Amino acid sequence: MSPAEVRTAPAGPLATVDRARLRLLLDEEADRFRRDHHRSGALWERAQGSLLGGVPMSWMTEWASPYPVFMREARGARLVDVDGNEYADLCLGDTGAMTGHSPTGSIVAIQRQLERGLTTMLPTEDAIWVGEELTRRFGLTRWQFTTSATDANRFVLRFCRQITGRPKVLVFDYCYHGTVDETFATLEGGLVRARDGNVGPPVDPALTTKVVQFNDVDALRAALEPQDVACVLAEPALTNIGIVLPEPGFHEALRELTRRTGTLLVIDETHTISTGAGGYTGAYGLEPDALTIGKAIASGIPMGAYGVSGDVARRIFEQEDADYEDVGGVGGTLAGNALQLAAARATLASVLTEKAYARTIPLAERYTDGVARTIEELRLPWHIARLGCRAEYMFCPSPPRTGAEAAAVGHDDNLKAYMHLAALNRGVLITPFHNMALISPDTTEADVDLHTRVFREAAERLVG
Ligand code: PMP
């Protein structure tokens, strides 16, 4: 059971994708979708009258289908839509339901808490249990809770700028850390500029942010040298532009350079918690100054968390002119409430356990094997990477080293739409933003094998 792996395309002549054929196949899949999703279609029409864009949140239009599937219920690793179609759910709410949907252990605790008060502005004992458990898993010794991973990142950036007195933050190109203004920056011709489509940026991110390519130690050294960067905010492996794994020695260099320049290191484990119960940090012995997480930790109840080292905690409380408790910019009325903490305790105690990973990681290996077999046998110019119980195929033969490389070579919107819609029409959901699949404790071998068959069928039709 290895935490991470990459399976590349075979050497020699590779199959090519005929674009006209792809267009035809995509149209066929769209017709089939419409035939099988009448009720979703009717709800979609009705939703136009009250919901902005016809959905409760704008990213729900990102699915490859002509309109979103409206959900009836989800339990474990299965989802049923309003037309009665059933799916093996490998999207799992883009990690929000990595626990499986409504896992029994969490539901019992959540139901119990529903009767006992949800939010009181007072701590519960569950908060201490969760803090202790997060320390055991990740090593950071002081924890706070938020309503999302986005908030956890935003607050940690504030702390880092406050205690270092430095204005800038550093992120890796094509990162995603939630809707955090400072992180919507990219590199163009060596210069920092706003990511395309940035909606109403409060300031130009070039003023707040330095951007470096993932795995580029020399550029990182040069960016940290002037000692004007408060913190590096990093996923330990990029997961939002396909999976880009760190090269050997990268994390050692990142830690050494941040320490030497007095820059704080913040590791975002929101997605890489797929690596194991202690995330990538636990599996590879990273030593960040702060760690952020969210999505799955409360089984789908909105919650994020951040942990800091003892040293960072001490420096936070030395700041006499900083208002951490009221209107200083760190907060959230519902943050750290009783329901969140009851759900998080149950999730950590009984769902996302070491035992669960001992089951989900081998299943993800089975998933990766299935996809890799098709890639090899059909000689597709694609590869698949896996990080624990998370796997993602990309439309390029070998793994990119950086986010920019991944953005340039690994993405093909029509191809992605076809592969996703073909899977959806045959009862498998994968994450709409990219080609990611996640394994929950409730996912079965049969679910994985269904994906293997569906992936093979879609790819065979593509190469003809
Ligand atoms: N960190 C990472 C690495 C993420 O991928 C995301 C969202 N995809 C977030 C933070 C933000 O999570 P949320 O939208 O739940 O706040």
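The following paragraphs lead through the ligand surroundings, a pocket, the cavities and the salt bridges of this structure. The model is a predicted one.

The ligand is a convenient place to begin. There are 13 residues around it, and those that come nearest are Thr150, Asn240, Asp268, His271 and Lys295. Two of these five also appear among the polar side-chain contacts described here. In the side chain of Asn240, an N or O atom is placed 2.9 Å from an oxygen atom of the ligand. Asp268 has a polar side-chain atom 2.6 Å from a ligand nitrogen. Thr270 likewise directs attention to a ligand nitrogen, with a polar side-chain atom at 3.5 Å.

From the ligand, the account turns to open space in the protein. The second largest pocket has a volume of about 1100 Å³. Its lining comprises 34 residues, of which Trp143, Gln144, Phe145, Ala335 and Gly336 are the closest to the pocket centre. Several elements give two or more residues to this lining: the helices α4, α5 (149–164), α9 (310–317) and α10 (338–351), together with the strands β5 (142–146) and β13 (304–308). Strand β5 gives the most, with 5 residues. In terms of class, the lining of this pocket has 19 nonpolar, 11 polar and 4 charged residues.

Enclosed space is a separate matter. The model contains 3 cavities of 30 Å³ or more, and the largest cavity holds about 50 Å³ of space. Trp63, Ala64 and Ser65 line this largest cavity along with His420, Leu424, Val428, Leu429, Ile430 and Pro432. Helix α13 (413–425) and strand β16 (428–429) are the elements that give two or more residues to the lining. Here the lining is made of 7 nonpolar and 2 polar residues, with no charged residue.

Charged side chains come to the fore in the salt bridges, of which the model has 34. One of them joins Arg34 to Asp31, with the closest N and O atoms 3.5 Å apart. Both residues belong to helix α1 (residues 19–36), and because they are 3 residues apart there, about one helical turn separates them. Arg34 is partly exposed at 40% relative accessible area, and Asp31 is also partly exposed, at 42%.

A second pair has a like spacing within a helix. Arg136 and Glu133 form a salt bridge whose closest N and O atoms are 2.8 Å apart. The two residues lie in helix α4 (residues 125–138), again 3 residues apart, or about one turn of the helix. Glu133 has a relative accessibility of 9%, so this residue counts as buried; the cut-off for that class is under 20%.

Other salt bridges reach between helices. Arg366 pairs with Glu445, the closest N and O atoms being 3.7 Å apart. Because Arg366 lies in helix α11 (residues 354–377) and Glu445 in helix α14 (residues 445–463), this pair ties together parts that are 79 residues apart in sequence. Both partners are partly exposed: Arg366 has a relative accessible area of 31%, and Glu445 has a relative accessibility of 46%. Elsewhere, salt bridges with shared partners join Glu28, Glu29, Arg426, Glu457 and Arg461 into one network.

How values were computed: Residues are numbered from 1 along each chain as its sequence is written. This is a predicted model: local features need pLDDT of at least 70, side-chain atom pairs count only at pLDDT 80 or more; totals for chains, interfaces and linings use all residues. Side-chain values use heavy atoms; hydrogens and water are left out. On a 1 Å grid over the protein atoms alone, a cavity is a set of points where a 1.4 Å probe fits but cannot get out, and a pocket is an open set with protein on both sides within 12 Å along at least five of seven lines; lining residues have an atom within 4 Å of a point. Grid points are joined across faces, edges and corners, and a volume is the space filled by probe spheres set on the points. Helices (H or I, at least four residues) and strands (E, at least two) are DSSP runs, numbered from the N terminus. Ala, Val, Leu, Ile, Met, Phe, Trp, Tyr, Cys and Pro count as nonpolar, Asp, Glu, Lys and Arg as charged, and the others, Gly among them, as polar. A salt bridge is a side-chain nitrogen of Lys or Arg within 4 Å of a carboxyl oxygen of Asp or Glu. Buried means under 20% relative accessible area, exposed over 50%, partly exposed in between (1.4 Å probe, protein chains only). A residue is near a molecule or strand if one of its heavy atoms lies within 4 Å of it. A polar contact is a pair of N or O atoms within 3.5 Å; within protein, one must be able to donate a hydrogen and the other to accept it, and residues adjacent in sequence count only if both atoms are side-chain atoms.
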